[in-house]
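Reader: I am in my first year and still learning to read structures, so I would like a close look at one part. Could you take me carefully through the surroundings of the ligands, and then through some of the salt bridges?

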Amino acid sequence: GVVLHLDGVRKSYQTGTLHVDALRGIDLGIDEGDYVAIMGPSGSGKSTLMNILGCLDTPTSGTYRLVGVDVGELSENELAEVRNRLIGFVFQQFNLLAHLTALRNVELPLAYAGVPGDERRRRALAALGRVGLSDRVDHRPRELSGGQQQRVAIARALVTDPALILADEPTGNLDSRSTRDVLALLEELHDQGRTIVLITHEEEVARAAQRVVRIHDGELRVTAPAVRR
Ligand code: ADP
Ligand code: ADP
C-alpha cells in the first residue's frame, strides 16, 4: 500500500522582507517496502522536506498524506502523536540521552506511547538484538562507539514498528567502517519489508537505496529505479 504521498507541496519562509521558496511544488509517492534516498546539495531544501516528511513542520500549501492522514489538518498534539506512532527517526547526531543506558533509550518511544514496563523491556531487548547489540544493553552512549550509538538509535527507531523510518544523514558522523555497517543494517531492514527514506548529500550513501530522488532548488527530479545487486 501507499505509505506517504506529497502533492504540490510548497514551503516558503518569510524573514523580514526576505522571502524564500524552499520547496516549490513537490510531488512524491512512497509505497510500503520502498527504500528511497533523497539527495541534494546544501541549501536545496532537504531539511525542509525532512521536517515535513517527519511531521515536524507542515506545508505552506499542497497536501501531505501519511498512511492516509492529511498531516496539514493536524493540531500540534496530533502531529506529536503521529510522529511517535508512525515514524522512526534516525539522526546524524544519534540524539541518544547520555544518562540513559541503551536499553532505556530504546524503551523511550514505547514509554511515550504508554506501553507497560515489562512489554517495553521485552520489545526494546528484541530491537537491540535486531541491530546486533544484545551484549551492550546496559552501556551508556559514551561507552559505545559511534557506529554502536547509531545502531542503538536505529533500534529506537524500529521499536514502535513504525510505518516509515526517516534517516537524516545517518552516516554523517561515522567513519567508513561504521558507515558500511549502518548502510548494511538499513539494507537488511529494507529486505525485511521496512519502508525507509534516507536523506543525504553524499552520492556514495544515496547509492545504498533502491531509488534516488534528487532535490535541486526546492524541486525534485526523480530518476529511474536502480537495478538491485
Ligand atoms: P538543505 O537541508 O538542503 O541544506 P534547507 O531545507 O535547509 O536545505 O534550506 C532550503 C532553503 O530554505 C535555503 O535557501 C535556506 O536558506 C532556506 N531556509 C531553510 N530554513 C529556513 C528558515 N527557518 N527561515 C528562512 N529560510 C530558511
Ligand atoms: P569500534 O568497534 O567501532 O571500533 P571502539 O574500538 O571504540 O569501537 O570500541 C571497541 C569496543 O569497546 C566497543 O564494543 C565498545 O562497546 C567498547 N567501548 C568503547 N569505549 C568504551 C568505554 N569508554 N567504556 C566501555 N566500553 C567501551
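Author: What follows goes through ligand 1, then ligand 2, and then a few of the salt bridges. Please keep in mind from the start that this is a predicted model.

Which residues are around ligand 1? They are Tyr-13, Val-20, Ala-22, Pro-41, Ser-42, Gly-43, Ser-44, Gly-45, Lys-46, Ser-47 and Thr-48. Sorted by class, this shell has four nonpolar, six polar and one charged residues. Some of the contacts can be followed down to single atoms: a polar backbone atom of Ser-44 is 3.1 Å from an oxygen atom of ligand 1, and a backbone N or O atom of Gly-45 also lies 3.1 Å from an oxygen atom of ligand 1. With Thr-48 the side chain takes part, since one of its polar atoms lies 2.6 Å from an oxygen atom of ligand 1. On its own, ligand 1 has 560 Å² of accessible area, and the protein covers 62% of that. If you look for the elements that give two or more residues to the shell, you will find the strand β2 (18-31) and the helix α1 (46-53); of these, α1 gives the most, with three residues.

Now turn to ligand 2, whose surrounding residues are Arg-136, Arg-142, Glu-143, Ser-145, Gln-148 and Arg-177. How many of the residues in this shell are nonpolar, polar and charged? There are no nonpolar residues, two polar ones and four charged ones. Here, too, both backbone and side chains supply contacts: a polar backbone atom of Glu-143 is 3.3 Å from a nitrogen atom of ligand 2, while an N or O atom in the side chain of Ser-145 is 3.0 Å from an oxygen atom of ligand 2. From Arg-177, a polar side-chain atom lies 3.2 Å from an oxygen atom of ligand 2. Taken alone, ligand 2 exposes 540 Å², of which the protein buries 45%.

Arg-136, one of the residues around ligand 2, leads on to the salt bridges, which number 11 in this model. Arg-136 pairs with Asp-135, and their closest N and O atoms are 3.3 Å apart. Arg-136 is partly exposed, at 25% relative accessibility, whereas Asp-135 has a relative accessible area of 53% and is exposed. Elsewhere, salt bridges with shared partners join Arg-104, Glu-107 and Arg-120 into one network.

A second pair to find is Lys-11 with Asp-57, where the closest N and O atoms are 3.2 Å apart. What does this pair tie together? Lys-11 lies in strand β1 (residues 2-15) and Asp-57 in the loop between α1 and β4 (61-66), so the salt bridge ties together parts that are 46 residues apart in sequence. Lys-11 has a relative accessible area of 10%, so it counts as buried, the limit for that word being under 20%; Asp-57, at 24%, is partly exposed.

The pair of Glu-81 and Arg-85 is a salt bridge inside a single helix, with 3.3 Å between the closest N and O atoms. These two residues are four apart in helix α2 (residues 76-86), so about one helical turn separates them. Glu-81 is partly exposed, with a relative accessible area of 45%, and Arg-85, at 45% relative accessibility, is partly exposed as well.

Terms used. Residues numbered from 1 in each chain as written. Chains lettered and ligands numbered in written order. Predicted model: local features only at pLDDT ≥ 70, side-chain atom pairs only at ≥ 80, totals over all residues. Heavy atoms only, no water. Near = heavy atom within 4 Å. Polar contact = N/O pair within 3.5 Å; in protein donor to acceptor, adjacent residues only side chain to side chain. Areas by Shrake-Rupley, 256 points an atom, 1.4 Å probe, with all protein chains shown as cover. Nonpolar A, V, L, I, M, F, W, Y, C, P; charged D, E, K, R; others polar. Salt bridge = Lys/Arg side-chain N within 4 Å of Asp/Glu carboxyl O. Buried < 20%, exposed > 50% of the residue type's maximum accessible area, 1.4 Å probe, protein only.
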